Amino acid sequence: MEPVVTMDKLVSLCKRRGYIYQSSEIYGGLSSAWDYGPLGVELKNRIAQFWWKEMTQLHDNIVGIDAAIMMHPRVWEASGHVANFSDPLVECKGCKMRFREDQLPEENRISKKCPNCGKDLTEPRKFNLMFKTHIGPLEDAASIVYLRPETAQGIYVNFKNVTNTTRVKIPFGIAQIGKAFRNEITTKNFIFRTCEFEQMEMQYFIRPNEDAKWFDYWKNERIKYYEKIGVRAAKLQFHEHGKDELAFYARRAVDVYYEFPFGWNEIEGIHNRTDYDLQQHTEYSGKDLTWLDEETKERFLPFIIETSAGLTRQVLVALCDAYDEDEAQGEKRVVLRLHPSIAPVTVGVFPLVKKDGLAELARTIELGLREDYPTFYDESGAIGRRYRRQDEAGTPYGITIDYQTKEDDTVTLRFRDSMEQVRVKVGELSARIRSEIKNYKRS
Ligand code: GAP
């Protein structure tokens, strides 16, 4: 039996409903680049807002920054990315296809034969993933800049700025959301792995001997976050990195994995980066990045526990996890069971018919709700079709204005997941929706 959610179904729904389009489609598309449409950008923004609130507002001692994408090139020498941020590239001598050696099927890795045409593969060579460009009119070695491959370094180089201008005390965190770029050898699975993507990273600065404690703390916090945002617990698991998997900067790393239609894969990394980054930047910049602990009068380089999540990858998680099919009035229904906290539209508002003043009444009710929720007004087509369109777009609540509304000032409130309907007083709608969102449980 075909699984409920497949990548083909998802890609087609995303295009149909205005979530995600192929980049530069009218020119034939750019491989692995994607544009977020009207619903897609709302979903992405709402996930970003959810994460930001969770990591800053709901945690003591975490502040945010927004650093530039282009940074001094020495940053990337200090961080180790110029020397080490590479993947093993192999090329087929026959069809010229390129692969990451560590992602080849085992038999091809051993036989050194191309999985596409069976011809010989070249020996692996290190391929640096950073995009390089030049700043200013001259294209020489002095003008090289990189597009950042992780947002984290923008936080490390601002460590002193933040500690000098705020009242944070160790342990404390600095959070950031922004674009990152990697010249990936193979990009695939829709928006899962792309060359341009967005990260949501938080660097937690701690006393060196407290790394085990804070690592476990963040591991727990981050899994709770995914459940809070509506991801089903059965689809989540941890993956602890073996010694051969660890990134060059990490002493310990645990990934959060999600079960995508193409298998279990990473959505976030929790890393113990020790004092590696601050030590490197101290050495390369010549600036003192130590922290003076007012309590103990000790001076030390803080250790860092990093939580590094992909925002664009989380959009894919939200969509994969929400996609469902069931039946409504004897017909197949496609429904996105997005958590109401991140759904692009919270409330659809529909007059049963356009005539007899119902459209005007519905508009007035919709305008009243706009201040509180993202709304969508729709008066075209049969009411069942309008419900179905919003179910597919992931809108959790629908309000229908009918003739009874004129008599007793009530509307029907319809629930996307169960398709149940209840009558609610217009004046109580906003509070009722708030309470529904707060107590939402996926059915
Ligand atoms: N600062 C640490 C760091 O960047 P990472 O494991 O390389 O760690 C963290 O990346 C997260 O960024 C990943 O778990 C993933 O969600 C996202 N990510 C990394 N490369 C990506 C790509 N090419 N496309 C989309 N998301 C990516």
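The legends below describe close-up views of a predicted model. Residues are numbered from 1 along each chain as its sequence is written, and side-chain values use heavy atoms, with hydrogens and water left out. Because the model is predicted, local features need pLDDT of at least 70 and side-chain atom pairs count only at pLDDT 80 or more, while totals for chains, interfaces and linings use all residues.

**View 1. Polar contacts of the ligand with Arg182, Glu266 and Gly310****.** A polar contact is a pair of N or O atoms within 3.5 Å; within protein, one must be able to donate a hydrogen and the other to accept it, and residues adjacent in sequence count only if both atoms are side-chain atoms. An oxygen atom of the ligand lies 2.6 Å from a polar side-chain atom of Glu266, and an N or O atom in the side chain of Arg182 is 2.8 Å from a ligand oxygen atom. Gly310 takes part through a backbone N or O atom, 3.1 Å from an oxygen atom of the ligand. On its own the ligand has 550 Å² of accessible area, of which the protein covers 94% (Shrake-Rupley method with a 1.4 Å probe; for residues, only the protein chains shown count as cover).

**View 2. The shell around the ligand****.** Of the 20 residues around the ligand (those with a heavy atom within 4 Å of it), Glu150, Glu184, Glu201, Glu266 and Glu306 come nearest. Strand E13 (263-274) is among the elements that give two or more residues to this shell, together with strand E10 (196-206) and strand E16 (303-310); E13 supplies the largest share, six residues. Helices (H or I, at least four residues) and strands (E, at least two) are DSSP runs, numbered from the N terminus.

**View 3. The aromatic pair of Phe192 and Phe262****.** The whole structure holds 20 aromatic pairs, counted for rings of Phe, Tyr and Trp (its six-membered ring) with centres within 6.5 Å, where planes under 30 degrees apart are stacked, over 60 edge-to-face and the rest tilted. The ring centres of Phe192 and Phe262 are 5.3 Å apart with planes at 70°, so this pair is edge-to-face.

**View 4. The cis peptide bond between Ile170 and Pro171****.** Omega is about 0° for the bond joining Ile170 and Pro171, and Pro171 is found in the loop between helix H7 (159-165) and E9.
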